[in-house]
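The report below takes up the chain as a whole, then its cysteines, its aromatic pairs and two loop residues.

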Amino acid sequence: YAVGMRALAEAAGLNPGTLYHHFASKDDALLSICMVAHERTLSDLRSVMKSEQSFAARIRALFDAHCVSLDEIGDFLQVYINLRSHVPANMVAPLDDGWLTYRRLLSRLFSDAKKFGEVRSDLNTKHLSRMLVGLVRDVNQLHRAGRVHEIGAFANLAVETLLRGIASSR
């Protein structure tokens, strides 16, 4: 992360003045990039939560939306994943608030599924949320490694395995 605005501008093919016109500092630029990725991820989850679909369909829709996001803003997502810890403490509040909202929505997704008998009632929603986030991270790693052709098959297998493992036996 030890790169200055001049190097960032050069890498982006911009005049440094153009970059400074939009961002006061590299920290502002980093936060903006992270916010694009985070807002997209949160928006995808909110859309899934608004749907009247079954839990299984919602989980599939969430992975489908994430794969589309990787195609459209994958670089932003990778910066968010790899560099969000470099956002200064005095600037990180929007990311922290958004992450808390994301975790709460995931927990509600699983709680709703438990309430409707779609997921076993003995499972901890916090652990289920962590497991889902882990699967999304695996998809991100495939993307980052350039193994894009494997993402669809992996995501389908992950979703099917998740759904079978946590499904209610009703």
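## Burial and the overall fold

A residue counts as buried when its relative accessible area is under 20%, as exposed when that area is over 50%, and as partly exposed in between. Y102, at 8% relative accessibility, is therefore buried. The model is a predicted one, and across the 170 residues of its chain 39% count as buried.

The chain is built from seven helices and has zero strands, so that the order of elements from the N terminus reads α-α-α-α-α-α-α. Along its principal axes the C-alpha trace spans about 60 × 35 × 25 Å. Among the contacts with a separation of 6 or more, 68% come from residues 24 or more positions apart.

## Surface and charge

About 9,800 Å² of the chain is exposed, and carbon and sulfur atoms supply 53% of this area. The chain carries 21 positive and 18 negative charges, and the mean positions of these two sets are 7 Å apart.

## Cysteines

In the whole structure, a search finds zero disulfides. C34 has a relative accessibility of 0% and therefore counts as buried. C67 is likewise buried, because its relative accessible area is 18%, a value to be read against the cut-off of under 20%.

## Aromatic pairs

How many aromatic pairs does a search of the whole structure find? The search finds two. In one of them the ring centres of F55 and F110 are 5.4 Å apart and the planes meet at 55 degrees, so this pair is tilted. The pair links distant parts of the chain, since F55 belongs to helix α4 (residues 55–83) and F110 to helix α5 (residues 93–115), with their positions 55 residues apart. Both F55 and F110 are buried.

The rings of W99 and Y102 form a stacked pair, because their centres are 5.5 Å apart and their planes lie at 15 degrees, where planes under 30 degrees apart count as stacked. W99 and Y102 both lie in helix α5, three residues apart, which is about one turn of the helix. Is W99 buried or partly exposed? W99 has a relative accessibility of 28% and therefore counts as partly exposed, whereas its partner Y102, at 8%, counts as buried.

## Two loop residues

F23 is placed in the loop between α2 (16–22) and α3 (26–50). Because its relative accessibility is 21%, F23 counts as partly exposed. Leaving aside residues up to four places away in sequence, F23 touches M5, D28, A29 and S32. The C-alpha atom of F23 is separated by 43 Å from that of E160, which is 137 residues away along the chain.

V92 has its place in the loop between α4 and α5. With a relative accessibility of 17%, V92 counts as buried, while F23, at 21%, counts as partly exposed; the cut-off for burial is under 20%. What separates the C-alpha atoms of V92 and L31, which are 61 residues apart along the chain? The separation between the C-alpha atoms of V92 and L31 is 7.7 Å.

Notes: Residues numbered from 1 in each chain as written. Predicted model: local features only at pLDDT ≥ 70, side-chain atom pairs only at ≥ 80, totals over all residues. Heavy atoms only, no water. Helix = DSSP H or I, 4+ residues; strand = E, 2+ residues; numbered from the N terminus. Buried < 20%, exposed > 50% of the residue type's maximum accessible area, 1.4 Å probe, protein only. Contact = heavy atoms within 4.5 Å. Areas by Shrake-Rupley, 256 points an atom, 1.4 Å probe, with all protein chains shown as cover. Lys, Arg positive; Asp, Glu negative; His and termini not counted. Charge placed at Lys NZ, Arg CZ, Asp CG, Glu CD. Disulfide = S-S within 2.5 Å. Phe/Tyr/Trp six-rings, centres within 6.5 Å; stacked < 30°, edge-to-face > 60°.
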